[in-house]
Amino acid sequence: MATVDKRRRNARRSKYRPRSEAQKQRRKELWAAREADRKAGRRLSEEDALTLRLEELEAALRDQGHVGIHNRRHVTPLDEIEDDVQRFAVLKARVERLEALWAINQRKRETRGKIIIGGALLAEAADFDVEDRDALLERLVDILDRRVDRVRDRLTVRELLGDAPLPLRPGGDLDEDAETALAAAGEVLPDFDAKAQAALADDEDDGLSPGEIDPDYADLDGVWEAPS
């Protein structure tokens, strides 16, 4: 009985009249007219989030010693830009620029940190007056043997540690020479002269400005200060 009633109900004509073509067109026009308001609402929400991110980036860079980014004289304050679309575009561009500079800064800090840690460990291992120096060196060699795979890298660290007992390839013989180890590992003997020149070039470029990293950031060269 319930099935029959449902079928009858579904077969009844709807009391609502279908929209005419004029009504459909009018609905489309109203939707299009309100599109600008919808976009403005979304833009305001995104603008608040971008403003907060801009403040975070400026504070973070300032805390790490990079001053002048947030108060450049040639930059128009955002609250003085009356056009909403232009203000949003400028804000977005500034956030993207500081995001890029923050990423560059973090990579440089990470590299510097690795150099400092490595240098400290090397200095400790080279100090004959350090208590338990042999135990430290043995532990360091064990770590390198597990963490370093390439023959060229093993050759470099072994020389830095004063010919420490580190085979040139995992599972290799301590007496194995570089050419044999490279051939067994399928590697090519590095050009040490080229590596030395590259290292010198890196030292000369230590104070790279944003414009030298990316031409799009050249306008920051005058205010970018690398932390001492």
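## A walk through an all-helix model

Begin in the loop between α4 and α5 (133-147), where you will find Asp 132. Before you zoom in, keep in mind that this is a predicted model. Select Asp 132 and look at its backbone: its phi is positive, about 60°, although Asp 132 is not a glycine. Is this residue buried or exposed? Asp 132 is exposed, because its relative accessible area is 56%, and the cut-off for exposed is over 50%.

**Step back to the whole chain**

Now zoom out and colour by secondary structure. You should see nine helices and zero strands. Following the sequence from start to end, the pattern reads α-α-α-α-α-α-α-α-α. The protein has 228 residues, and 23% of them count as buried. If you switch on the surface, you are looking at about 17,300 Å² of accessible area, with 50% of it belonging to carbon and sulfur atoms. Take the contacts between residues at least 6 apart in sequence: 52% of these join residues at least 24 apart.

**Either side of the first loop**

Go back to Asp 132 and select the helices that flank its loop, α4 and α5. What are the angle and the axis distance for this pair? α4 and α5 pack at an angle of about 140°, and their axes are 9 Å apart. That angle makes α4 oblique to α5. Show the side chains at the contact: Leu 121, Glu 124, Ala 125 and Ala 126 belong to α4, while Arg 133, Leu 136, Leu 137 and Leu 140 belong to α5. Turn the view a little and you can look for the handedness too, since α4 passes α5 in a left-handed crossing.

**Into the largest core**

Next, select Leu 50, Leu 54, Leu 57, Leu 61, Leu 78, Ile 81, Phe 88, Leu 91, Val 95, Leu 98, Leu 101 and Ile 104, and show them as spheres. These 12 residues make up the largest nonpolar core. Which elements give two or more residues to this core? They are α3 (35-63) and α4 (84-126). The largest share, six residues, comes from α4. Apart from this core lies another one, of 10 residues, including Val 141, Leu 144, Leu 161 and Ala 164. Give the second group its own colour before moving on.

**Along α5**

Stay in α5 and select Asp 142, which is found in this helix. Asp 142 is partly exposed, because its relative accessible area is 33%. Now draw a distance from its C-alpha atom to that of Leu 166: the two are 24 residues apart along the chain, and their C-alpha atoms are separated by 8.3 Å.

**A stop at Arg 158**

Move on to helix α6 (residues 151-160) and select Arg 158. Is Arg 158 buried or exposed? Arg 158 is buried, because its relative accessible area is 15% and the cut-off for buried is under 20%. Other residues of α6 are buried as well: the set is Val 151, Arg 154, Leu 155, Val 157 and Arg 158. Look at the spacing of those numbers as you compare them with the helix. An α-helix has 3.6 residues a turn, so residues three or four places apart point the same way.

Show what surrounds Arg 158. Leaving aside residues up to four places away in sequence, Arg 158 touches Asp 163, Ala 164, Leu 166, Leu 168 and Leu 174. You can also draw a line to Leu 144, a member of the second core. The C-alpha atoms of Arg 158 and Leu 144 are separated by 9.4 Å, and the residues are 14 apart along the chain.

**Out of α6 and on to α7**

Just after α6, click on Gly 162, which takes a positive phi of about 70°. Then click on Asp 163, in the loop between α6 and α7 (178-185). Its phi is also positive, near 55°, in a residue other than glycine. Asp 163 is exposed, because its relative accessible area is 62%.

For the last stop, select α6 and α7 together. The two helices pack at an angle of about 150°, with their axes 10 Å apart. This makes α6 roughly antiparallel to α7. Where they meet, look for Val 151, Arg 152 and Leu 155 in α6, facing Ala 178, Ala 181, Leu 182 and Ala 185 in α7.

Note on methods. Residues numbered from 1 in each chain as written. Predicted model: local features only at pLDDT ≥ 70, side-chain atom pairs only at ≥ 80, totals over all residues. Heavy atoms only, no water. Helix = DSSP H or I, 4+ residues; strand = E, 2+ residues; numbered from the N terminus. Buried < 20%, exposed > 50% of the residue type's maximum accessible area, 1.4 Å probe, protein only. Contact = heavy atoms within 4.5 Å. Areas by Shrake-Rupley, 256 points an atom, 1.4 Å probe, with all protein chains shown as cover. Core = buried A, V, L, I, M, F, W, Y, C linked by side-chain atoms within 4.5 Å. Axes fitted to C-alpha atoms, helices over the stretch in contact; angles between N-to-C directions. Parallel < 35°, antiparallel > 145°, perpendicular 65-115°, else oblique. Left-handed = near helix turned anticlockwise from the far one by under 90°.
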